[in-house]
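Me: Got a minute to go through a structure with me? I'll just fire off questions as they come.

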Amino acid sequence: MSTPDAGPRFRAGDRVRVRFADAPGHIRTPWYIRGHAGVIERLCGTYGNPEELAFNRPGTPRQPLYRVRFKQSQVWPDYRGPATDTVDIEIFQHWLEPGDAA
Amino acid sequence: MTAPNEPRTHDHAHEHDHGHDRGTHPPARPDTDDSLTYYKTMEIAVRELLIEKGIITADEVRGAIEAMDARSPAQGARIVAHAWTDPAYKARLLADPNAAVRELGIEPGAYKLVVLENTATIHNLVVCTLCSCYPRYVLGLPPDWYKSRAYRSRAVREPRTVLREFGTEISDSVEVRVHDSTADMRYLVLPERPAGTEGMSEAKLAELVTRDSMIGVARARAPG
């Protein structure tokens with residue numbers, strides 16, 4: 001018996017927001033990006049959930065992993081580079097919720 | 001029995017004669033292998049047990065370490081130089097990096113490689129803010145600064161200042177795109193081919209492709 005993978009909810013170009021959550025354990029979502037809005041750059045594939053794998057559990061349901069692109073000027077209020085600078089971050093689906101319509 | 005992490009210094013006050021006061025030799029640099037942490041002790045215990053039970057041999061352990069240390073940025077440079085000289089290969093490398101590096105006889109392992117092309121309008125920079133994820137099989141072991149807290153926090157927050165400290169000035173008309181390597185991807189920057197390299201052989205081109213240019217903190221070397 002096996003747990004089915006979580007199916008992808010988002011596609012490249014979709015606007016998303018990173019959940020602002022403070023969960024204990026092995027989290028691969030950097031603190032600095034929680035609560036921020038970005039755009040899906042690509043779906044990378046489906047991978048075991050690191051928050052489960054870290055405790056030697058099976059990591060199921062496996063989660064879609066995305067690369068999400070954020071505007072640096074929105075991530076850091078005092079960012080000093082041009083408004084076009086960006087940061088791409090790998091984020092698992094269970095950390096993402098649909099973003100506001102553009 | 002010495003407790004783990006207990007420093008074995010010579011800071012004691014009793015008297016004995018082994019030459020403390022004789023010379024003016026500089027202070028000895030502390031050995032890095034003289035204190036056993038919990039995990040170092042566990043590694044030794046597990047390794048010795050596996051060898052004792054005949055599951056692995058000491059020579060296999062040694063060989064695995066040797067193979068790990070043998071990986072070097074020369075692999076990545078070979079990939080970049082090939083992409084510079086063969087546009088069809090470059091297209092395959094950007095579309096399906098794992099398959100493209102296998103074409104050159106390089107085994108990508110479990111991680112998915114993402115190749116980031118620097119252009120006249122985009123400069124890519126790689127960091128792992130959470131730990132030190134790094135594509136070791138194409139770049140070898142990461143430099144110490146890549147693992148430092150300073151680089152990991154600042155590369156994402158003030159990338160242009162960090163780039164300037166590495167001697168890399170990026171015009172404001174070029175987008176700086178930072179890639180935070182947080183999960184199952186590994187990143188290789190495909191630097192721009194330097195001017196004045198027309199007609200150079202692939203092997204000569206590979207010599208211009210430095211480790212730092214494939215992390216994105218520098219450009220490829222200029223020829224000559």
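What follows is a chat about the structure shown above.

Me: What kind of model is this?

Reply: It's a predicted model.

Me: OK. What's the secondary structure of chain B?

Reply: Chain B comes to eleven helices and four strands. Of its 224 residues, 29% count as buried.

Me: And what share of the contacts in chain B is between residues 24 or more positions apart?

Reply: Counting contacts with a separation of 6 or more, 68% are between residues that are 24 or more positions apart.

Me: Let's do the sheet. What's the strand order?

Reply: Seven strands in an open sheet, ordered β5(A)-β1(A)-β2(A)-β3(A)-β4(A)-β3(B)-β2(B), and the pairing is mixed. On average, neighbouring strands are turned by 35 degrees against each other, ignoring direction.

Me: Which strands stand at the edges?

Reply: β5 (96–98) of chain A and β2 (122–127) of chain B. Each has a single partner strand, so one side of each has no neighbour in the sheet.

Me: Where do the chains meet in that sheet, and in which sense do the strands pair?

Reply: β4(A) pairs with β3(B) in the parallel sense, over four bridges. D88(A) sits opposite H179(B) there.

Me: How many bridges are there between β2(B) and β3(B)?

Reply: Six, and that pair is parallel too. In it, N124(B) stands opposite R177(B) of β3(B). Helix α8 (residues 149–157) of chain B also packs on the sheet, touching β4 (86–92) of chain A plus β2 and β3 of chain B. Its direction makes about 150 degrees with that of β2(B).

Me: How many residues does each chain put into the contact?

Reply: Chain A gives 19 residues and chain B gives 18. On the chain B side, α8 and β3 each supply at least two residues, and β3(B) gives the most, with six.

Me: What about the chemistry of that chain B side?

Reply: It divides into nine charged, six nonpolar and three polar residues.

Me: Switching to helices. Is α3(B) mostly covered or in the open?

Reply: Mostly covered, with ten of the 13 residues buried. Among them are I79(B), V80(B) and W84(B), as well as R78(B) and Q75(B).

Me: What do those buried residues pack against?

Reply: In chain B, they pack against α4 (87–95), α5 (97–103), α6 (136–139), β4 (185–190), α10 (202–206) and α11 (211–215).

Me: And how long is α3(B), end to end?

Reply: The helix covers residues 73–85 and reaches 19 Å from first C-alpha to last, close to the 18 Å expected at 1.5 Å a residue.

Me: Tell me about α3(B) and α4(B). What's the angle?

Reply: About 125 degrees, with the axes 5 Å apart. The two helices are therefore oblique to each other. I79(B), H82(B) and A83(B) of α3(B) make the contact with Y89(B), K90(B) and L93(B) of α4(B). By type, those residues are four nonpolar, one polar and one charged.

Me: Now α1(B). Is it covered or in the open?

Reply: The number of buried residues among its 15 is zero, so α1(B) lies largely in the open. Its end C-alpha atoms are 21 Å apart, which agrees with the 21 Å that residues 38–52 should span at 1.5 Å a residue. G54(B) follows the helix and has a positive phi, near 75 degrees.

Me: What's around Y146(B)?

Reply: Y146(B) is in helix α7 (residues 144–147) of chain B. It counts as buried because 21 other C-beta atoms lie within 10 Å, where 20 or more is the cut-off. Leaving out residues up to four places away in sequence, Y146(B) touches S132(B), Y134(B), Y151(B) and I215(B).

Me: Last topic, backbone oddities in chain A. Where is there a cis peptide bond?

Reply: Between T60(A) and P61(A), with omega about -10 degrees. P61(A) lies in the loop between α1 (50–53) and β3 (63–71) of chain A. N56(A) lies in the loop between α1 and β3 as well, and has a positive phi, near 65 degrees, without being a glycine.

Me: Why flag those two?

Reply: Most residues other than glycine have a negative phi, and most peptide bonds are trans.

Me: And N56(A), is it buried or exposed?

Reply: N56(A) is exposed, with 7 other C-beta atoms within 10 Å.

Note on methods: Residues numbered from 1 in each chain as written. Chains lettered and ligands numbered in written order. Predicted model: local features only at pLDDT ≥ 70, side-chain atom pairs only at ≥ 80, totals over all residues. Expected span 1.5 Å × (residues − 1). Buried ≥ 20, exposed ≤ 12 C-beta atoms within 10 Å, placed from the backbone. Pairing = 2+ DSSP bridges. Axes fitted to C-alpha atoms, helices over the stretch in contact; angles between N-to-C directions. Contact = placed C-beta atoms within 7 Å. Nonpolar A, V, L, I, M, F, W, Y, C, P; charged D, E, K, R; others polar. Parallel < 35°, antiparallel > 145°, perpendicular 65-115°, else oblique.
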